[in-house]
Amino acid sequence: MPAISTTNLTKKFDRVTAVNSLNLSIEKGEIFGFLGPNGAGKSTTIRMLCGILEPTSGDGQVGGFDINRESEQIKKIIGYMSQSFGLYQDLTVEENLKFYSRLYIADRKTALQHIEAVVELLQLDPYRKQLAANLSGGWRQRLALACSVVHRPQLIFLDEPTAGIDPVSRRILWDLLYELAHGGTTLFITTHHMEEAERCNKIGFIWKGNLVACDTPEGVKQGLMHEQILSLKCPDLNSAYKYLRTHGLVKDVNLYGDEINLVVENAAAAIPELKKSLAAAHLMVETLEQIQPSIEDVFVSLSKTTSNG
Ligand SMILES: Nc1ncnc2c1ncn2[C@@H]1O[C@H](COP(=O)(O)OP(=O)(O)OP(=O)(O)O)[C@@H](O)[C@H]1O
Ligand SMILES: [Mg+2]
């Protein structure tokens, strides 16, 4: 039995269909990355799965419990870090952790042991006595994560846990997520950081409430990217960029540091043609070669295809 599954899960708000007939299946111990632009329906999906928001129609199971009928049982076995996680601003780091652990753990000693473990893991020790209100954004985010995992739930829903946090903290957080997943915890995470999507076992793309892709990061890249990516290195990047923006064979062009990435239909056919055109325009080419698309390329490509069609 999957750890999380949905069948035609739908949520409508007045005229907006926030989630449209969603079908998902996530295995125990999997890290599932839920991606999609702002307003796509990610948070709404999470809130339905956590038993906080009632679906308009459709079904879902979380940890073997039914989201329509057993939301109270679901709340006991999950951790949920919302986009605006409610820390108590007038409590210290330690007091917040005590409060959240005691919501779930009856035994005081066990609760304290769990707190110590999570404080160590997230390196919160120096901040123990500081008020949540006085923490920087990134540390507040870390504390929110600590509070949502302190009771060691089987399933954890994290809604943009790494928004606004620095790369070092992000790495620490991901180490923690891997550790939890290895221990059998199922993780459902939303993010706008595409390099994080690459670290998930499976990713789903949602667009205007519709799941438009769901596979491993590799599978998504191979199966869904209908276009190909070229990397161009040349001495005059700006002129080449301007020139290529209006070239018939180029569907999209982006500057990445010291190279230009081009989206084309067929790399093998485009490379010699582009070399010819660039030479005719007196633009020198150092290298022009096909590269593997990143998840970001796929995300942008999917978003564009879906919005046109
Ligand atoms: N309580 C609500 N009442 C009315 N509309 C809502 C409500 N909650 C969400 N929506 C709408 O549902 C759609 C999906 O919103 P949701 O918050 O799920 O998006 P999201 O993918 O989490 O976006 P973001 O990346 O910005 O967090 C949006 O159009 C939003 O305005
Ligand atoms: Mg959201």
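**Figure 1. Packing of helix α3 against helix α5 in the predicted model.** Helix α3, which covers residues 93–104, packs against helix α5, which covers residues 137–149, at an angle of about 25°, and their axes lie 8 Å apart. Because angles under 35 degrees count as roughly parallel, this value makes α3 roughly parallel to α5. The crossing of these two helices is right-handed. On the side of α3 the contact is made by Val 93, Asn 96, Leu 97 and Tyr 100, and on the side of α5 by Leu 143, Ala 146 and Cys 147. When the residues of this contact are divided by class, six are nonpolar, one is polar and none is charged.

**Figure 2. Crossing of helix α3 with helix α4.** The axes of α3 and of helix α4, the latter formed by residues 108–121, come within 10 Å and cross at roughly 130°. That angle makes α3 oblique to α4, and α3 passes α4 in a right-handed crossing. Helix α3 contributes Leu 97, Lys 98, Ser 101 and Arg 102 to the contact, while α4 contributes Ala 111, His 114, Ile 115 and Val 118. By class, the contact of α3 with α4 has four nonpolar, two polar and two charged residues. Leu 97 of α3 takes part in the contact with α4 and is also listed in the contact with α5.

**Figure 3. The shell of residues around ligand 1.** The residues around ligand 1 are Phe 13, Val 16, Ala 18, Gly 36, Asn 38, Gly 39, Ala 40, Gly 41, Lys 42, Ser 43, Thr 44 and Gln 83. Two elements, β2 (16–26) and α1 (42–49), give two or more residues to this shell. The largest share, three residues, comes from α1. Divided by class, the shell around ligand 1 holds four nonpolar, seven polar and one charged residue.

**Figure 4. Asn 8, a residue with positive phi in strand β1.** The phi angle of Asn 8 is near 50°, a positive value in a residue other than glycine. Asn 8 lies in strand β1, which runs over residues 4–13. With 13 other C-beta atoms within 10 Å, Asn 8 is partly exposed.

**Figure 5. Arg 152, a residue with positive phi in the loop between α5 and β7.** Although it is not a glycine, Arg 152 has a positive phi of about 50°. Arg 152 is found in the loop that lies between α5 and β7, the latter covering residues 155–159. Its surroundings contain 17 other C-beta atoms within 10 Å, and Arg 152 is therefore partly exposed.

**Figure 6. The protein that holds these close-up views, shown for context.** The protein has eleven helices and 14 strands, and its C-alpha trace spans about 75 × 45 × 35 Å along the principal axes. Of the 309 residues in the protein, 39% are buried. Among contacts in the protein between residues at least 6 apart in sequence, 69% join residues that are at least 24 apart.

Definitions and conventions: Residues numbered from 1 in each chain as written. Chains lettered and ligands numbered in written order. Predicted model: local features only at pLDDT ≥ 70, side-chain atom pairs only at ≥ 80, totals over all residues. Axes fitted to C-alpha atoms, helices over the stretch in contact; angles between N-to-C directions. Helix = DSSP H or I, 4+ residues; strand = E, 2+ residues; numbered from the N terminus. Parallel < 35°, antiparallel > 145°, perpendicular 65-115°, else oblique. Left-handed = near helix turned anticlockwise from the far one by under 90°. Contact = placed C-beta atoms within 7 Å. Nonpolar A, V, L, I, M, F, W, Y, C, P; charged D, E, K, R; others polar. Buried ≥ 20, exposed ≤ 12 C-beta atoms within 10 Å, placed from the backbone. Near = placed C-beta within 6 Å.
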